[in-house]
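Reader: Could you pick one part of this model and take me through it closely? I'd like to see what sits around that part and how the rest of the chain fits in.

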Amino acid sequence: RHSGADAATVEIHRHGDRLTISVSDDGHGGADPTRGSGLSGLGDRVAGLGGWMQVVSPEGGPTTLMVEVPCGS
């Protein structure tokens, strides 16, 4: 919504008991989880599931959000 992106890609993979999710867009970048509650709130929810989240978003783009969470069998 805020990225100015024209396209996004979502990849979801299961590796044993872990689920990995990657969301990338071609927007202008600069997403920062420490500014505002959207990304930081998402990170809190992921951590609450026992997972981790990383945001890579240099100024000028692109932005990639990576998440890994436990996934029961």
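Author: First, what I'll call an element: helices are DSSP runs of H or I with at least four residues, strands are runs of E with at least two, and both are numbered from the N terminus. A quick word on ground rules: residues are numbered from 1 along each chain as its sequence is written, and the side-chain values use heavy atoms, with hydrogens and water left out. Keep in mind that this is a predicted model, where local features need pLDDT of at least 70 and side-chain atom pairs count only at pLDDT 80 or more, while totals for chains, interfaces and linings use all residues.

The part I'd pick is strand β4, but here's the setting. The protein has 1 helix and 4 strands, and from the N terminus on the order is β-β-α-β-β. Its C-alpha atoms fit in a box of roughly 40 × 25 × 15 Å along the principal axes.

So who sits beside β4? Pairing here asks for at least two DSSP bridges between two strands. On one hand there's β2, antiparallel to β4 over 8 bridges. On the other there's strand β3 (residues 52-56), also antiparallel to β4, with 5 bridges. If you want a landmark for each pairing, S24 has T64 as its bridge partner in β4, and M53 has V67.

How well covered is it all? I call a residue buried under 20% relative accessible area, exposed over 50%, and partly exposed in between (1.4 Å probe, protein chains only). With 6 of its 8 residues buried, β4 is largely enclosed by the rest of the structure. For the protein as a whole, buried residues make up 26% of the 73 residues.

Now zoom in on T64, which lies in β4. Counting a contact as heavy atoms within 4.5 Å, and skipping residues up to four places away in sequence, T64 touches S22, V23, S24, Q54, V55 and V56. Its side chain also makes a polar contact of 3.1 Å with the side chain of S24. That term covers a pair of N or O atoms within 3.5 Å; within protein, one must be able to donate a hydrogen and the other to accept it, and residues adjacent in sequence count only if both atoms are side-chain atoms.

Further along β4, the charged residue to look at is E68, whose side chain forms a salt bridge with that of R18 at 3.0 Å, N to O. The two come from distant parts of the chain, with E68 in strand β4 (residues 63-70), R18 in strand β2 (residues 18-25), and their positions 50 residues apart. The rule for a salt bridge is a side-chain nitrogen of Lys or Arg within 4 Å of a carboxyl oxygen of Asp or Glu, and by that rule the count comes to 1. E68 counts as buried because its relative accessibility is 19%, whereas R18, at 22%, is partly exposed.

Stepping back along the chain from β4, you reach the β3–β4 hairpin, with 6 residues between the strands and a positive phi near 95° at G60. P62 sits in the loop between β3 and β4, and the peptide bond joining G61 and P62 is cis, with omega about -5°.

The helix comes into the picture too. In α1 (residues 38-48), G41, G43 and V46 are buried, and the cover over the helix's buried residues includes β3 and β4. Just after α1, G50 takes a positive phi of about 85°.

On the far side of β2's story is strand β1 (residues 8-15), antiparallel to β2 through 8 bridges. H13 stands opposite T20 in that pairing. The hairpin of β1 and β2 has 2 residues between the strands, and G16 in its turn has a positive phi of about 65°.

That leaves the start of the chain. G4 is in the segment before β1 and counts as exposed, with 60% relative accessibility. Setting aside neighbours within four places in sequence, G4 is in contact with G27 and H28.
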